[in-house]
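User: I would like to go through this structure step by step, from its overall fold to individual side-chain pairs. Please give the cut-offs as each term comes up.

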Amino acid sequence: MLIEQHALALADLDTLGAARKGQQLADATVLRGVALAALGQHNLAMQSFNQAWTQGRSSLALANKAILLKTMGKQAEAHELTKQLAILEPNIANYYNLGTLQKDLQKYSACRETSSIILRNNSSHAPSYALRGICAYQQGQDDPALADLLRSHSLEPTQAEPLTYIGKILLRRGKRDEGVSWILKAASLYLQQGKASEHKQTLDTARQQ
């Protein structure tokens, strides 16, 4: 799996699955679904995740099924499944994934509420400040958005996305030079991280100002 030889991984997992029972079988079936998804066989991958849930009530099966649904463009279904997962296992990862889906679905109030749940339990989780800030920005709530985005940046300076939104808020306030400067900082970070598509998109944003 790690060297992306997914067809070979499937052969091993089929052999392994025949020798396992209960939770071990469910875990092997989840991995089988991950390999199938990587090969683009989404329907078969979905079958594996459903089967793994039946075999061992595996939260890992639900998490990977939600990821697959999102990959397939079924954000609403992924959102409902991730809500179930957050109830089943209320950890940071599940709540953060839920908040991200709420942002994608333009459920900005719900996104901010979900992010706040995380931050009440972990006040140093930079991605959640960024997520809450972005959703506040989308609602036109620039003051709380800016506070969250700056907090995210102070905790994790290598995050590029918060810098873009800080720039957008400053632009919206008529501070063109300062806003463009923040957006260019974001573009530079994307370039350093090898994220060519995000780098180009952010540069385009700066050029349009």
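User: How many helices and how many strands does the chain have?

Analyst: This is a predicted model, in which local features need pLDDT of at least 70 and side-chain atom pairs count only at pLDDT 80 or more, while totals for chains, interfaces and linings use all residues. Residues are numbered from 1 along each chain as its sequence is written, and side-chain values use heavy atoms, with hydrogens and water left out. Helices (H or I, at least four residues) and strands (E, at least two) are DSSP runs numbered from the N terminus, and on that basis the chain has 12 helices and zero strands.

User: What percentage of the residues in the chain is buried?

Analyst: Buried means under 20% relative accessible area, exposed means over 50%, and partly exposed lies in between, with a 1.4 Å probe and protein chains only. The C-alpha trace spans about 65 × 35 × 25 Å along its principal axes. Of the 209 residues in the chain, the buried share is 42%.

User: Which element gives the largest share of the largest nonpolar core?

Analyst: A nonpolar core is a set of buried Ala, Val, Leu, Ile, Met, Phe, Trp, Tyr and Cys residues joined through side-chain atoms within 4.5 Å. The largest one has 17 residues, and those with the most contacts inside it are Val30, Ala45, Phe49, Leu68, Leu69 and Leu81. Two or more residues each come from α2 (22–38), α3 (42–56), α4 (59–71) and α5 (75–88). The largest share, five residues, comes from α4.

User: Which residues does Leu81 touch, leaving out those up to four places away in sequence?

Analyst: Leu81 is one of the residues with the most contacts inside the largest core. With contact taken as heavy atoms within 4.5 Å, the residues that Leu81 touches are Leu62, Lys65, Ala66 and Leu69.

User: Which residues are linked with Lys70 in a network of salt bridges?

Analyst: A salt bridge is a side-chain nitrogen of Lys or Arg within 4 Å of a carboxyl oxygen of Asp or Glu, and a search of the whole structure finds 10 of them. Lys70 pairs with Asp104, with the closest N and O atoms 3.5 Å apart, and this pair joins helix α4 to helix α6 (residues 92–104) across 34 residues. Asp104 also meets Lys103 in a salt bridge of 3.3 Å, N to O. The residues linked with Lys70 in the network are therefore Lys103 and Asp104, of which Asp104 is partly exposed at 35%, as is Lys70 at 34%; the network partners asked for are Lys103 and Asp104.

User: Is Asp142, the salt-bridge partner of Arg172, buried or exposed?

Analyst: The side chains of Arg172 and Asp142 meet at 2.5 Å, N to O, and link helix α10 (residues 161–172) with helix α9 (residues 142–155), 30 residues apart. Arg172 has 43% relative accessibility and therefore counts as partly exposed. Asp142 has a relative accessible area of 12%, so Asp142 is buried.

User: How wide an arc do the buried residues of α9 cover around the axis?

Analyst: The buried residues of α9 are Asp142, Ala145, Leu146, Asp148, Leu149 and Ser152, and what covers them includes α8 (126–138) and α10. The arc is that of the directions from the helix axis to the C-beta atoms. These residues lie on the same side of α9, because the arc they cover is only 170 degrees.
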